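This report describes selected local features of a predicted model. A surface patch is treated before two individual residues.

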Amino acid sequence: MSSQGWPYLLVPFIPIAIALELAHAGAVVTFFASALGVIPTAALMGRATEELAVRSGPGIGGLLNVTFGNAPELIIALFALGAGLHEVVKASIVGSIMGNVLLVLGAAMFFGGWNRDHQTFNRTAASAQSSMLLLAAAALVMPAIYEMVEGSGLPQPGAERVHYDTTVQGLSAAVACVLIFSYVAGLWFSLKTHRDLFNPESEDSDHGEPWTVRKSVLALFVAGVAVGVMSEILVDSISDAASQLGLSEFFIGVIVVAIVGNAAEHWVAVLVAIKNKMDLAVNIAIGSSAQIALFVAPVLVLTSFVLGPHPMALVFNGFELGGILLAILIANHVTNEGESTWYEGLQLLAVYFVLGIAFLVA
């Protein structure tokens, strides 16, 4: 099996998770089985999207990749939103941004640079995506600042759902609309006006014969259904599993849920960095963070007006605000030079583990 094929070793956890759910087994074992079951379904969705992109040409292909790139995380979050687990949803948003910038980019720089003096990547493209993240940071923290100044304060890490007044809900919706507009403009920038910058000549393909469109669409459909089933089981077991493990739903959302939804893509980023393709690794890590901040988060806010007990305000707790700001500031710093070393990667991983320890004891 290829180095990118390992997620499919976890396929047996899909029927195992379904059987455990139907048998009303313990919440902890059901939670971990469904979390592991998400990984191969997400990998299949990513592979099917890539295969469709190969058949569609660079413009449509790029659009497909950014549209489905974080689909598993979005699906998990939608189920959590429907269950009213607003703080878990917000924690997973923050965890995804942090995980991509600190864990994935850090691991890519560390393993890619281990036997090399340094690695280089396109500074202009990386800086453009990091700038998008800075805009997102400014937008994401404003509802929390408003709530600190004019409202009842920030939510506690142990909260499950907080019902904010209509002013904060309206502010969150307006911010979400601005972020989506910026995201669409970013797509136009990266896929149309500056396509050569973000899509350099294709990497040497050791990929084999492309799938047919029919096979790709069928795989995408099957993966989407499987991700949905696994996500529903995962979300149903979060509360009880957190209680039995002695962990907060906040920690599970910001670390566990954030990682499993994109584990396959994370692995790909590290693999391509080892092959000295740092442009692609940086694009996966920073680009995925930008998509979470500018598209997934606002879509969830707007969807919450029709899904779940009440609208979800974009008011993060203090730990989440710290995680967002630190991750995005670090992303801008490490992409500013256009080169990286293994020690820089180690430092990013160290920051991620420090934040993880703080979230654990929160």
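## Nonpolar surface patch

In this predicted model, the residues I18, L22, L218, F221, V222, V225 and V229 make a nonpolar surface patch of about 650 Å². The elements that give two or more residues to this patch are α1 (13–22) and α9 (213–245). Helix α9 provides the largest share, 5 residues.

One of the patch residues is F221, which lies in helix α9. F221 counts as exposed because its relative accessibility is 57%, and the cut-off for this class is over 50%.

## Residue N317

N317 is located in the loop between α12 (278–303) and α13 (318–334). With a relative accessibility of 1%, N317 counts as buried, since that class covers values under 20%.

The side chain of N317 reaches two backbone nitrogens: that of F319 at 3.0 Å and that of E320 at 2.9 Å. When neighbours within four places in sequence are left aside, N317 is in contact with L154, P155, P157 and F250.

## Residue F68

F68 belongs to helix α3, which comprises residues 58–68. The relative accessible area of F68 is 28%, so this residue is classed as partly exposed, in between the limits of 20% and 50%.

Residues up to four places away in sequence not being counted, F68 touches T49 and L220. The C-alpha atoms of F68 and G345 are separated by 27 Å, and these two residues are 277 residues apart along the chain.

Methods. Residues numbered from 1 in each chain as written. Predicted model: local features only at pLDDT ≥ 70, side-chain atom pairs only at ≥ 80, totals over all residues. Heavy atoms only, no water. Helix = DSSP H or I, 4+ residues; strand = E, 2+ residues; numbered from the N terminus. Buried < 20%, exposed > 50% of the residue type's maximum accessible area, 1.4 Å probe, protein only. Contact = heavy atoms within 4.5 Å. Polar contact = N/O pair within 3.5 Å; in protein donor to acceptor, adjacent residues only side chain to side chain. Patch = residues over 30% accessible without salt bridge, like charges linked within 9 Å, V, L, I, M, F, W, Y side chains within 5 Å. Areas by Shrake-Rupley, 256 points an atom, 1.4 Å probe, with all protein chains shown as cover. Salt bridge = Lys/Arg side-chain N within 4 Å of Asp/Glu carboxyl O.
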